[in-house]
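Here are some short exercises to work through with the model open beside you. Try each task before you read its solution.

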Amino acid sequence: MMVDSTFALVGKNLSEAMRILGDGQRETEAGPDRWRFRASIPGPLQGEGQDVATVLHLVHNLIHDDEEKEEDKPHQHRMQNVGEQGHMALLGHSLAAYISVLDRERLRKLTTRILSDTTLWLCRLFSYENGSAYFHEDDRDGLVKVCRLIINARYEEYSSEGYAVLSSKQPVIYQSASGRPGLGQHLCSQLGLPLSSLCTVPCNTIFGSQHQMDVALLDKLIKEDVEAGKLPLLLIANAGTPGAGHTDKLSRLRELCDQYSMWLHVEGVNLATLALGQTSSAIMAATRSDSMTLTPGQWLGLPAVTAVTLYRHEDPALSLAAGLTSSQPVARLRALPLWLSLQHLGHDGIVQKIRHATALSQHLLQKLKALTSIKTSDVLQTEVSLLEALTMVEDELSSPVVLFKFSQDMSAASSGGSVEGLCAGEKEVLDAFNRWLGEQLVQLVPSSGVEVVELEDEGTCVRFSPLLTAAVLGTQQENTEEMVEKLSELVPAMCSTMSLRQDFREEVHRHSPSLTYREQLSWPGLGAVRFEPQAEGTDESKRMEELQKINTELLKKLQELDTDIIFSTGPEFGTEEDCIFVGMVTEDVDVSELVDTVAALGRDIEESGRLLENMTEVVRKGILEAELQLQKANEEKLMEEGVLRQLPLVGSVLNWFSPSQSAIKGRTFNLAAGSLDSTEGTYSKKAQAGRQSQQDTPTSSSKKHPGQRLFRRSGGASDSFSETSSIGQADETPREGSGSPSIPPPSSPPEEDSHSASDAAAEEIQESAVEEHTQVVEEEEEEEEERKWQPEGQEAEQSGR
């Protein structure tokens, strides 16, 4: 069979473009630097033009330009897996551009065939008999066109009178409180209706799901609007709410719409299960709706494929007036990528993809149920589990959406009174922990496609919706098993951290006023603490500067400790500043020892800072005292040797016949004592080094076992959790010794730190003082030698005495 050469060229160019954009090749004659320069700095068009390969390389650099700039930053880009079926969808866009140049008659016949075939396949696939299809880029645009169709049908003079006819009977659009955010406002803005035409129906609060529309209340609202002279126009129902994936009672809503002559529109991810043939009765009721919006591109992993709105209406003129059908053949080409993809996948391929996504949800749900700390939950269930799976109340196994969250079991609280401490802000704390849990799962199992959602009743939850992500990310059953494994590792640390939060707060209060506990409910960790300097007589600005400096240094020292606990500056947009935020901890962490260490390190840093501030004054006073002592020594020398020895010629002659026995005494400035001492001890370096080593050797009454990290109690849990959590690991420093397995008392680390900070600075200044004094002594000796006429050997011998 002969193939149009242009068709073959389109396919070849598309394959080459995908290869260049996908494999990252940048080898060109001009080198990679040219491409990077061209991509970052826009320039004028080239007069001679550029070939296809050059333009594609430029596009590749534009796509990956941000990745090069942020190569050192962790980022998570969920790139879609463009398989063979995705290639067909992309080819459809290229062919649509080519087909649009055909002559009008051939174009009309071809587009009519494409549109009718695609509509027929979709109606049969999703059991929607006698339906028409509208293909649109924006998934909300189909509902806008449906609303215009209903307005044209219910207001006979709308085509001639326009919006003026709506003033006689104001139309009302009803939507669920759990529906898509902003959808009703978008409809009103596109249709030119006031927001008073939008009625939001609350969900059930006593019986049924928390995310299902309250049918009884809806009936009441419709009656009130009818009595007020309004016209109930449209009801938007959900077959899978955007948040929890719950389905409204579509059968009862269908009856209510028939009673009041309302249009029923259904949307939601659960509509995809209609292709399976065997689905729940709650979902099958969607086939009786007047219209429904499908997103096959997301369900099947097809890039840039339009959404589809299936509807039933007998008057084609009204459909044309509403914009659901078009007389322009080019507009019908929007269905071409989907037409190609459906043929490439076939009926079995489409069903297999949807069944695979639903099987992933069921597999994860069964795994959650199998764990002792995980239970499925409905609204009537009062028992709270560690991980609470929230799924559809009706036919929960048929829902492709699994929603779960962490919830602290109150019976598992520590003996330190942690439960009472959680009562005030428990919900906000749990939301922070669940947000952390979702972020960890996204990082640890990126192919799972989980995401964090905020729900009004449940708070922060983790949602697994494979129909929206599995085809894009290539999620497999192994990924769900890995996610359950990570959950089993993360949950124990979350439980222990939640139980120890109150203990941490009480330990910090015990060290008041040097430590203050900072309440930060949005922090997923043990808590936040701040070291408060105890300086008196300082103004507020200087005190805040000192507070910031001490806490910054304290955080640095804590991060250098050999421990699995994460110490950080807190959330990026947190309200507390200059605080130390403690992350997740395991159950074997000694909170008392942790807080004691923080307080001790803070005191040492504060004392070291004060010592450095006082060094200037101490050194100044020492220099003045040294000058006085040197002056006194010179006067004593003058009295002892006499005036004649000070004369240049006479003194040399006297020194020749009668050498002077006096010697200049060296002095050194002792920074620790703040006084001048003799330099005799300076020359006995070995003895001084021995004494210094004895002073610097830290003593500890209790030491760790070899290999045990800081803040761990004996017999605690292993470090397996740190491999998968955000708890960082530092290089271990083995310590010898026996006794208690805990870390040395808080006094030991500060002792070492004080030597490393204050003594180091003191020794440095002390050495500089010694050098200055030595230089002064040498200058005096040189002057003395000039006055002496004695031989060099004899003078050296006398000076050595």
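Two strands count as paired if DSSP finds at least two bridges between them. Keep in mind that you are looking at a predicted model.

**Exercise 1. Find the residue in β16 that stands opposite Ala528, then place the two strands in their sheet.**

Step 1: Look across from Ala528, and you meet Phe581 of β16.

Step 2: Widen the view to the strands themselves. β14 covers residues 527-531 and β16 covers residues 580-582; three bridges join them in the antiparallel sense.

Step 3: Now take in helix α21 (residues 540-559), which packs on the sheet and touches β14, β15 and β16. The directions of α21 and β14 make an angle of about 125°.

Step 4: Trace the whole sheet. It is open, has four strands in the order β13-β14-β16-β15, and pairs in the antiparallel sense.

Step 5: Why is one side of β13 and of β15 left without a neighbour in the sheet? β13 (515-518) and β15 (567-568) are at the edges and have a single partner strand each, so one side stays without a neighbour.

Step 6: Add helix α20 (residues 477-510), which also packs on this sheet, in contact with β13, β14 and β16. Its direction lies at about 145° to that of β13.

**Exercise 2. Work out the sense in which β2 and β3 pair, and the hand of the crossover between them.**

Step 1: Locate β2 at residues 171-176 and β3 at residues 198-201; they pair in the parallel sense, over four bridges.

Step 2: Pick out one bridge: Gln175 has Thr200 in β3 as its partner.

Step 3: Follow the chain from β2 through helix α9 (residues 183-191) to β3, and you have a right-handed β-α-β crossover.

**Exercise 3. Describe the largest nonpolar core and the surroundings of Met292.**

Step 1: This core holds 65 residues, and those touching the most other members are Phe126, Tyr174, Leu218, Leu235, Val266, Leu271 and Met292.

Step 2: Ask which helix gives the most to the core. That is α16 (residues 336-370), with 10 residues.

Step 3: Zoom in on Met292. Leaving aside residues up to four places away in sequence, its contacts include Phe126, Tyr128, His265, Val266, Leu271 and Leu310.

**Exercise 4. Summarise the protein as a whole.**

Step 1: Count the elements: 26 helices and 18 strands.

Step 2: Turn to burial, where 45% of the 801 residues count as buried.

Step 3: Finish with the surface. About 41100 Å² is exposed, and carbon and sulfur atoms supply 52% of it.

Conventions
Residues numbered from 1 in each chain as written. Predicted model: local features only at pLDDT ≥ 70, side-chain atom pairs only at ≥ 80, totals over all residues. Heavy atoms only, no water. Right-handed = clockwise from strand over helix to strand, strands pointing away. Core = buried A, V, L, I, M, F, W, Y, C linked by side-chain atoms within 4.5 Å. Buried < 20%, exposed > 50% of the residue type's maximum accessible area, 1.4 Å probe, protein only. Contact = heavy atoms within 4.5 Å. Axes fitted to C-alpha atoms, helices over the stretch in contact; angles between N-to-C directions. Areas by Shrake-Rupley, 256 points an atom, 1.4 Å probe, with all protein chains shown as cover.
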